[in-house]
Structures are given as C-alpha cells and as structure tokens.
Amino acid sequence: MATMYSRQQDRCTVCESSRITNPRLCKDCQRWDLAEHVFTCGNQPDISLDKFSSEKQQTLIIAEGEAFADRIEDLEYISVEEYAGRQMCLVCRQVYHGILRKNLPFNDNIDIRIRPFRPFAVRIPIFDRDPREVQKNSYEIECVLPVVLEHRQKGLLGATSQKTNSAYSTFAIELKLSYNESGRVLLDVSPWDRSFFNLDSINQWLSDCQQTHGYDCNETVAPIDLPAAFRVIDTYDRCVTIPPTDHYDFITLSYVWASACSGKDTQLKLENLDQLSRPGSLSSQEIPHLIDDAIVLCARLGQRYLWVDRLCIVQEDAISKHAQIQAMDAIYHLALFSIIALTNGKDSIGLPGSPNRPRSAADLHHEWHFGREGRAFCAFPSLGLVEDSEWNTRGWTFQERLLSGRHLFVSSQQILMCCGKLSLNGNVPLTSEEISLGVDQGSRQDLERGVRQIRFYRKYRVIVDDYSRKRLSFGSDILNAFTGITQIVGFILETDFIFGLPERFFLESLLWGPVGALKRRDDTPHIPSWSWAAWNVEVDYRPVQTFDATGQNVGNLVAFYIVDKDHSLRRVTSCYHWFWESFDEPPSERPPGPRLTMRQWKEAMAIAWSNRPGSLEVWEQCPHNPSETLQHLEILANVKQSARNSPGSLVFNTTKASLLLKEPPSGGTHRIPWKNAGTSREFLSICDKLSNPTGMTMWMDKNWREQNISLEDTHEFIVLGAGVQKYANVDVWPYGSTDCPWGLYVMLVERHGLVCRRVAIGAVVANAWALVDPQWETIILA
C-alpha cells in the first residue's frame, strides 16, 4: 500500500533547477509549481520553524496577532506595494488579497512589509499512486500559508533604528491549490472556502468505520428491535414515512428541544399525520431550521432516512409515545450515526456549515498548528466544544450520546466525527488511509465508546454520577430519560433495574451519596427515598472514605424484598457475595442450617485476610453476620400486609441501633479531610450513647445538615451490608483496631409511622456494633 508522505523515485526538478518556468508564477513562487516539492521536499530554502518557536518544539502554533522575537527581524520582507504589482502571479495575487481582507491599519506613518512562509497542507497527497488511478484535476490541495508582517515606522534613519522600531505579527491565509493530473503544474490558486464542512470526509469516515472498526463500532451489544410503527423522515421525498423494508439505515438527530422552537413549532400529531405522510409535505411546512438542515444534510450524504423525535413520534398518542420512549435504546443504538447539534439554543443558525447554511466569517477559526512534515492541523479544542455545550448539560441528550455508536457533532465553528475508535476533526478533508491510521485523532473519551465501554458494575456508578449532573425540563422524566440506558446496561450486566438501581448489585447501588443539599423531587412522589432518582441532587457513588462498595468488597447481610406495583411482595434478585466468595443463590434458598454457609464464610475470610488472624472472630462475635442473617429471613405476615400499602418500598429484616452524631475528632495523625476543601461538605462521627466514635457518615452538605440533623438527639441507624476498608490503618480511619478492616454499611433513617425513609449513608466498625445494643427488626423503607 502506498504511504502517505512517500516521494517518487525520480529527481526533484525544482531542487536541481531543471524545470521549465511556469509563466503564471513569479520568480519567487516557481517552487510552488511542483506539488511534491512544495509539500514534502526537505531541501526547500525557507524560514526555519525554529524562528517561530523559542522552545524548539516539533509543532508551531501561529495565531492572529501573535508577536514574535527570536531574530524574526533578520528575515527578508517585501513591501505591500511590491505584492500589489505581482497580480499576474497566481500565488502573490492571493497573498495580496489575503492581506487586504485582514483590514490592516495602512497609514502614512506605518510601513507594512510581508514575508510568507511556505504552504502547509491539511492533507498531504499520495504522490506515488498508480498512474492509472490518477484522474484529471485530481490534485486539489487545501493548505494554509503562514505570513509574517513587519510593521515599521516611517521616517527613521538607519537600518538599526528601523529594526528596533519594528513590530511583528502573523496571520494565516487559507488557499486551495489546483494542479494538473500529475501534480506537476500549478493551474490555479484560490481562497479555500471553509464555509461548508466537507461531505466527502464524513462519508469516508463512515465507510472506513464500517469496514475496519469491527465490534467497537459495528455490532450491537444487545438483541434489540425497533418499535412497531417506527416512523422516519424520508429525506428524498421530504415526508414522514414507515420504511417499506426491515433492512435500512437511518440517522438520528440529537438536539436541545429549545433550539428547534422558532417560528411555527411543527410536530407530528394525529390531526396532521396523513398530511405529513405525503411526499413533499415537509417542504410546504414551516419546520425549524435545525431539522430542515438535518434533512438536507442527510440527503446530500446519500442517507435517505432520518429520525427526529418531534416529527417521528405522534405526540398525542400516549400509548405509541410511551412505546417509543421505552425503545430509545434501540433507536439510538441501531442508528448508523447521530447528528448532534451543539448550537446552544440558537435555531436561527441551524446546522452551520451544512449544505444550505454557510458558516459566518466570525465563526471560522483562524488558528492552526504546523508540523515539520508539512502538515497543518486545526487548533480548535474539538472535544471541549462538546463538553462545554448546552446540549451536553441535558438529561435526555446524555442518554442519546451514550447509546449512539457514532457521533457527528456540529457546532457553529466545526464538525467532529467520533466513533468507538477515534475522533476526527471535520474541518479538514481526510483520506481513508489517514482515517485508518487515526490522523487527527482527538483525546477519545470513554463516553464516545458508548455502552460498549460497560463491562463491569463500576461503569454503572460512573454513568449515574454523570447523569445526575444533567438538567431536565421536567423532573418527572428522571427515569424516562434513563430507560434506554438501563435496558442495554441491564442486558450487558444481566440484571433488571428497580427505580434506576440494578437488582444484581442492589446492596452496592444503595450506597450512594449526595454532592449538595438533599432535596426531594416534587413531581416524583412514586419514587422511593432509597433511590437516587427521588432526589434533585448530584450523586457521588463514593460516599464513605476508605470503603469501596463494589464487587468483592461487599458482603450481603440482608435479604431485600420489593413491593411491586400490584402490591405483591417479591425478593430482589441480588447477586449474593460474601466479599471474595460469590454465592449462586440467596442464602434462604440453600439447604437449611448454617453448616454450608459457615464453611464458605470461613474459607472466604481465610482467603481475604489471612494475615489478620482476628478477622474471623470479629464476625463471629458481631450480632449481624451471615449466620445470624439465616436465622432472620422470614418477614412477618402483619408487616407484609402493612408494606403492601407502599408500592416501591423495600421490606427486610436487619439490625438497628440508636446512635449519636458528633463533630469528627480533631488533631491526631489521621488523614481524612473532614471538611472538603473549597466546599461546605463535611463528615460526622457516628458515636455510641457515651459519645465514643464507632464510625462515620458520608459527605453531607453542612448547611443542609445543620437544618436537618441534630447533634444533640439520638438517630436510628439500620444495617444494609458488610464492607471492608481499602486501608485498615488508623492514619486514615481513626476508629477501632488497625487489625480490623471490617465494617458495616448503615443507613440513617427517619420514621414516619411504620415506614422509614432514607436520610444518609455511613459505616461503622464491625467489632463496635455489638457494643451499641443492636436489635433485629423488620424494616419498611419507602
């Protein structure tokens, strides 16, 4: 295969001065006549890159108005007037007009002189292609020409004083060079129009991704199907339709609804369904610019079908709308790619750079990176535009981003093409070979790999942490906008979800903490307090310092039951662990008696902490251990009956104790930051009735705590499960013995009659629980 920057084997005729002069170029620009020489030959007598970089870096950055020192004054400059007289030269004419477009301050006191560098191509042509593949006028090379300007004060005598009173700046001229079929004769030089993004690059990226990226981009992670009566926009016939076959590609549009609400807000309804299904109907309707631009873009890309929620879901059909919402995982995951509008609520600008909407001059960037190999790179912070956009703050679009396998981000300045393998800046045209090699690859983030990144429970915690930071117009959508994620993640992790929490990892998922003040969502009374979805707060799944509540770091001590919508009681199908030992079935479903469980328990303890001989004794003496759990599995009939009045409640037997909350100990050598630097977050010590510390709470907002939790009264704590410290050391955990890493995860609850509600999470040392007089009780946690 041909390499990107290879040279032909014949001699460089420019270097050897044996070329015939091109009459359309001046003497200084004759070297531009041979494309291979001007872009890849290393013998060009030109300005050294070191002149532009005091740190001698491999990459040079030139930005408009940037000043230079480093002997830049020693270069030879040409006056603007001389360039004005070189209008017959293809290159000089464009340099002169490029200077005029900059609106420089020409006046009688300042003499402006020019020194062009050499052109840098945004894509280096392959010069050793098979001649049979070369087509007429196939060499059109977009490039960037760095130019240095000397601003010299007039009327000063002497070369030294003139140099001393000169100022220097740079700018870049973007050009398109047209060569003949062999790249050996320069035929034309014109301004490179970047008002529209390059459609060929998009199609090339898509084609290469489909052919070479394999599972990372092309295979679904779950057996999913599109919903019944799935409608799309036919971009060729400009109408809403149900595709005639089961095998077709379609594109999705992801956007902020507010960005598509200018003028008449056309939506698909029962009353206009027939009308919008007729060919050409969308041409006669006043639809948002954003959607119209997406239709045109897809058609120009050769993609017939586009899915847009407001025009493909019958908004008044509650049953159909619910089915579509429940199928968001399939819609976005099966789409060929998603067009993502980063235009921050400005529908008037639609999709800038798309075929019908040129970018404004103000939005075009004017900063480039220049490499020593003759390549120019866009200097825009590509992924930063995504992360900082209004689109990225929304809850619904978070799901759409995660579920999509490929993304075409469109901002007012640029496009960015991302998939599971790489990120590409769409401001420059790319060949298939460059895409395969990852040229212009950005700092790929896990989120661009979508749901394929999810292999373990830890990723679920990261997803919830991120999702909780997004905004929803209606708080009641908190679980609806998360449904697509739970359906695919549920398949990957082999679990169902209950109010946003995976059943298989139920204990771990209960152990979330708030970043700010806890505040119940007013419009979600049906969501129980133990779910993060019930609260309008950012979530942190690392609530207790030194404890890591994932996988083999937890021990199940509670058999949870859930009250379903039909008011029946069923067991939560959690995966039962005792730290390093995994149980295939819940303890209550094993043969009766503690013998088998105790053996497995002791084996697990021996493997886990063989260097801590007191560990087994700690658990044998703890009043809440696996053996005791087996003796307290039955839920009393009267409690079951009471619980059926609270759908969504958890019902379980556990131990509880009344404890105090105090300010944490001060001084000493422990390294736990009790107050989170720069915030109002803090921990509290969990103490027995004599104020002896036994554990600690999660992070809490100080102002919220002062208003809701008294440090004078006792509080009710219930056990959720067992935990182990990552660091069993008094320096980081000033409670209990340094030889005892074991703890109990506890929940601070408040009573409302027979029903409890979640307040906070904490942990206490296992060998202290026996000292606080714990009692077994059946809990209804709503």
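I started with Glu716, which sits in strand E32 (residues 714-724). Note to self: this is a predicted model.

Next I checked whether Glu716 is buried or exposed. Its relative accessible area is 14%, so I put it down as buried, the cut-off being under 20%.

Then I looked at what surrounds it. Leaving out residues up to four places away in sequence, Glu716 touches Lys656, Ala657, Met747, Leu748, Val749, Arg751 and Ile779. With Arg751 there is a side-chain polar contact of 2.7 Å.

Which residues share a salt-bridge network with Glu716? I found Lys656, Arg751 and Glu777 linked with it. Within that group, Lys656 and Glu777 form a salt bridge, with their closest N and O atoms 2.8 Å apart. Lys656 is in strand E27 (residues 650-662) and Glu777 in strand E35 (residues 775-781), so this pair ties together parts 121 residues apart in sequence. Both ends came up partly exposed: Lys656 at 25% and Glu777 at 23%.

I then searched the whole structure and got 20 salt bridges. I wrote down two more of them.

One joins Arg113 and Glu150 at 3.8 Å, N to O. Arg113 is in strand E3 (residues 110-116) and Glu150 in strand E5 (residues 140-153), 37 residues apart. Arg113 is partly exposed at 21%, while Glu150 is buried at 0%.

The other joins Arg401 and Glu387 at 2.9 Å, N to O. Here helix H14 (residues 395-403) holds Arg401 and helix H13 (residues 382-387) holds Glu387, so the pair ties together parts 14 residues apart in sequence. Arg401 is buried at 1%, but Glu387 is partly exposed at 28%.

Technical notes:
Residues numbered from 1 in each chain as written. Predicted model: local features only at pLDDT ≥ 70, side-chain atom pairs only at ≥ 80, totals over all residues. Heavy atoms only, no water. Helix = DSSP H or I, 4+ residues; strand = E, 2+ residues; numbered from the N terminus. Buried < 20%, exposed > 50% of the residue type's maximum accessible area, 1.4 Å probe, protein only. Polar contact = N/O pair within 3.5 Å; in protein donor to acceptor, adjacent residues only side chain to side chain. Contact = heavy atoms within 4.5 Å. Salt bridge = Lys/Arg side-chain N within 4 Å of Asp/Glu carboxyl O.
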